[in-house]
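Please open the model in a viewer and keep the selection panel at hand. The tour proceeds stop by stop, with a selection to make at each one.

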Amino acid sequence: MSWVYIKDFKDHVGEEVTVKGWLYNKRKSGKIRFLIVRDGTGYVQCVMVKVELPEEEWSKFSDLTQESSLEVTGKIRAEKRAPGGYELDVNHIRIVQIAQDYPITPKEHGVDFLLERRHLWLRSSRQHLIMQVRNEIIKATRDYFYDNGFILIDTPLITGSIGETASTLFETEYYDFGTAFLAQTGQLYLEAACMAHGRVYGFGPSFRAEKSKTRRHLSEYWHVEGEVAFCDNDENIDIQEDYVCYLVLRVLDRCRSQLEGLERDISKLENITKPFHRFSYDDTIKMLQEMGSDIKWGEDLGGDDETILTEKYNKPIFVINYPAQAKAFYMKRHPDNPELVLCSDLLAPEGYGEIIGASQREDDYDLLIKRIREENLPEEAYGWYLDLRKYGSVPHSGFGLGIERTVTWICGLHHIREAIPFPRMLYRLYP
RNA sequence: UCCCCGAUAGCUCAGCUGGUAGAGCGGGUGGCUGUUAACCACCUUGUCGCAGGUUCGAGUCCUGCUCGGGGAGCCA
């Protein structure tokens with residue numbers, strides 16, 4: 001008997017096939033019984049009719065429990081009443097394993113209970129939809145960079161004491177070198193690689209040991225970083241805008257049913273088209289102050305600031321050229337105003353906040369080493385990074401996008417922890 | 001690290017000014033030939049997070065601790 005995935009049922013109507021999966025739920029009504037089976041590609045209702053089945057098959061219904069694994073053989077029938085359009089008339093059931101007391105019942109559960117059982121929670125329909133959208137966003141990312149001439153450069157996850165300044169690093173022992181760190185960005189290595197390939201990108205995990213307790217933070221998240229030689233801050237913003245539009249378009253094109261299943265307001269995503277809003281930091285502060293924020297010039301935007309700003313506009317917003325004091329050492333000074341750096345943050349709409357941080361990098365050797373010293377960074381660790389400014393330095397820019405924040409926004413999730421299969425957070429290392 | 005909130009049945013929660021613990025769901029049994037988180041009837045469920053204290057008496061009040069949630073800072 002041929003094994004058919006539920007998503008392919010439309011090509012096998014009238015045939016006798018086998019579905020291999022897990023029991024999602026069951027119902028009965030006297031002499032007719034229903035098994036809802038999922039196989040990873042969809043759900044199908046399997047119908048058992050007493051008068052058409054031998055007692056041996058009929059009685060298997062009582063043995064089956066939620067999430068028991070099974071193989072059901074039967075004939076596919078188009079059925080208007082079925083959510084997927086098809087049903088399976090059961091001839092034979094092979095029980096693979098009986099699940100005992102599956103903890104996640106089709107009822108309400110609390111966040112802690114579910115996170116403690118994340119390995120099982122992934123089977124739930126909503127989590128299943130989110131992972132499908134995440135998959136599409138990641139594939140779209142790879143396609144975008146590949147199709148636009150970027151070379152994939154995998155950067156090290158174990159590094160010496162090098163990176164951005166502000167965040168805390170996870171530490172680990174490394175042979176005779178003492179302490180090594182888990183990378184919080186691959187950017188500096190991508191800067192090296194873009195001097196070899198022109199246009200490069202990286203995609204991998206980043207680690208932040210910040211003790212953040214918010215719905216926007218993970219200790220381990222997946223980081224997309226692009227870096228382009230001979231690219232200034234404005235051209236860098238153009239690339240980000242193009243990339244984000246592409247991501248949204250791909251999800252709308254290929255994951256529309258998933259978005260509907262997640263009850264995402266799709267019209268809000270259809271609105272994500274070029275051009276995005278571009279506001280200078282100075283103008284942004286004025287706008288926020290007029291809207292009642294008590295933010296002062298020189299400060300980074302707070303969470304509330306991002307929310308009130310993005311809820312006012314229906315497209316993503318670039319906030320451009322922040323004060324140097326609020327940003328990292330490697331950002332290039334604004335040629336007309338030494339208080340500012342050439343950079344941008346991209347804020348997603350609907351209060352989802354920052355999804356990209358970007359800047360033009362400081363390409364002058366003397367200015368960069370001055371900044372490293374001002375920040376009290378270990379100069380010897382940055383020797384190779386400074387080399388890039390000695391041997392054919394060129395203007396270059398890049399950006400970093402958080403995949404989970406993007407998934408959270410595009411899926412319309414309440415919390416980032418649902419946007420990654422196994423979230424790592426301040427109080428969670430299990431499962 | 002700081003501020004706020006929470007912990008009671010397998011799950012989600014109620015339990016008032018202190019008087020020996022309750023609902024829905026789940027689970028079990030039975031009924032129903034089209035159910036959609038099915039429905040109906042009956043049955044089943046507790047170290048009230050931990051340790052002290054106040055009291056004749058504490059799920060309830062007080063102190064400490066543990067674990068978690070929301071937010072701040074920081075960032076993607």
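The stops below run from the nucleic acid to the helices, then to a sheet and to individual backbone features of this predicted model.

**The surface around the RNA**

Select RNA strand B together with the residues near it: 48 residues surround the strand. Arg 27, Pro 106, Arg 208, Arg 215 and Arg 405 are the closest. Colour this surface by residue class, and 21 charged, 16 polar and eleven nonpolar residues appear. Next, display the secondary structure. Strands S2 (16–29), S3 (32–38), S18 (353–360) and S19 (396–402), as well as helices H3 (111–116) and H11, each contribute at least two residues to the surface.

Which parts of the RNA face the protein? Among the atoms of RNA strand B within 4 Å of the protein, 48% are from sugar or phosphate, and the rest are from bases. Three individual approaches may be shown as distances. At Tyr 427, a polar backbone atom is 3.0 Å from a phosphate oxygen of RNA strand B. At Asp 300, a polar side-chain atom lies 3.4 Å from a phosphate oxygen of the RNA strand. At Ser 29, a polar backbone atom is 3.5 Å from a sugar or linking oxygen of RNA strand B.

**Helix H10 and its cover**

Select residues 281–290, which form helix H10, and show the side chains of its buried residues: Tyr 281, Thr 284, Ile 285, Met 287 and Leu 288. These residues lie on the same side of H10, because the arc that they cover around the axis is only 165°. The spacing has a general background: an α-helix has 3.6 residues a turn, so residues three or four places apart point the same way. Add strand S13 (277–280), helix H11 (303–312) and strand S14 (317–320), which are included in what covers the buried residues of H10. After H10 comes Gly 292, with a positive phi near 105°.

**Gln 258 in helix H8**

Move to helix H8 (residues 256–261) and select Gln 258 within it. Is Gln 258 buried or exposed? Its relative accessibility is 11%, so Gln 258 counts as buried. Not counting residues up to four places away in sequence, Gln 258 touches Leu 129, Gln 132 and Val 133. With one of these, Gln 132, there is a polar contact between side chains at 3.3 Å.

**A three-stranded sheet**

Select strands S8, S10 and S9, which in that order form an open antiparallel sheet. The edges are held by S8 (158–159) and S9 (171–173); each has a single partner strand, so one side of each is left without a neighbour in the sheet. Between S9 and S10 (residues 179–182), three bridges make the antiparallel pairing. To locate one of them, select Glu 171 and its bridge partner in S10, Phe 181.

**Backbone features to inspect**

Select Lys 274 and Pro 275, which are joined by a cis peptide bond with omega about -5°. Pro 275 is found in the loop between helix H9 (266–270) and S13. A cis peptide bond also joins Tyr 430 and Pro 431, with omega about 0°; Pro 431 belongs to the segment after helix H14 (403–411).

Finish with two glutamates. Glu 263 is in the loop between H8 and H9, and its phi is positive, near 60°. Glu 263 counts as exposed, at 73% relative accessibility. Glu 350 occupies the loop between strand S17 (343–348) and S18; its phi is likewise positive, near 60°. Glu 350 is partly exposed, with a relative accessible area of 27%.

How values were computed
Residues are numbered from 1 along each chain as its sequence is written. Chains are lettered from A and ligands numbered from 1 in the order in which they are written. This is a predicted model: local features need pLDDT of at least 70, side-chain atom pairs count only at pLDDT 80 or more; totals for chains, interfaces and linings use all residues. Side-chain values use heavy atoms; hydrogens and water are left out. Helices (H or I, at least four residues) and strands (E, at least two) are DSSP runs, numbered from the N terminus. Buried means under 20% relative accessible area, exposed over 50%, partly exposed in between (1.4 Å probe, protein chains only). A polar contact is a pair of N or O atoms within 3.5 Å; within protein, one must be able to donate a hydrogen and the other to accept it, and residues adjacent in sequence count only if both atoms are side-chain atoms. Contact means heavy atoms within 4.5 Å. The arc is that of the directions from the helix axis to the C-beta atoms. A residue is near a molecule or strand if one of its heavy atoms lies within 4 Å of it. Ala, Val, Leu, Ile, Met, Phe, Trp, Tyr, Cys and Pro count as nonpolar, Asp, Glu, Lys and Arg as charged, and the others, Gly among them, as polar. Two strands pair if DSSP finds at least two bridges between them.
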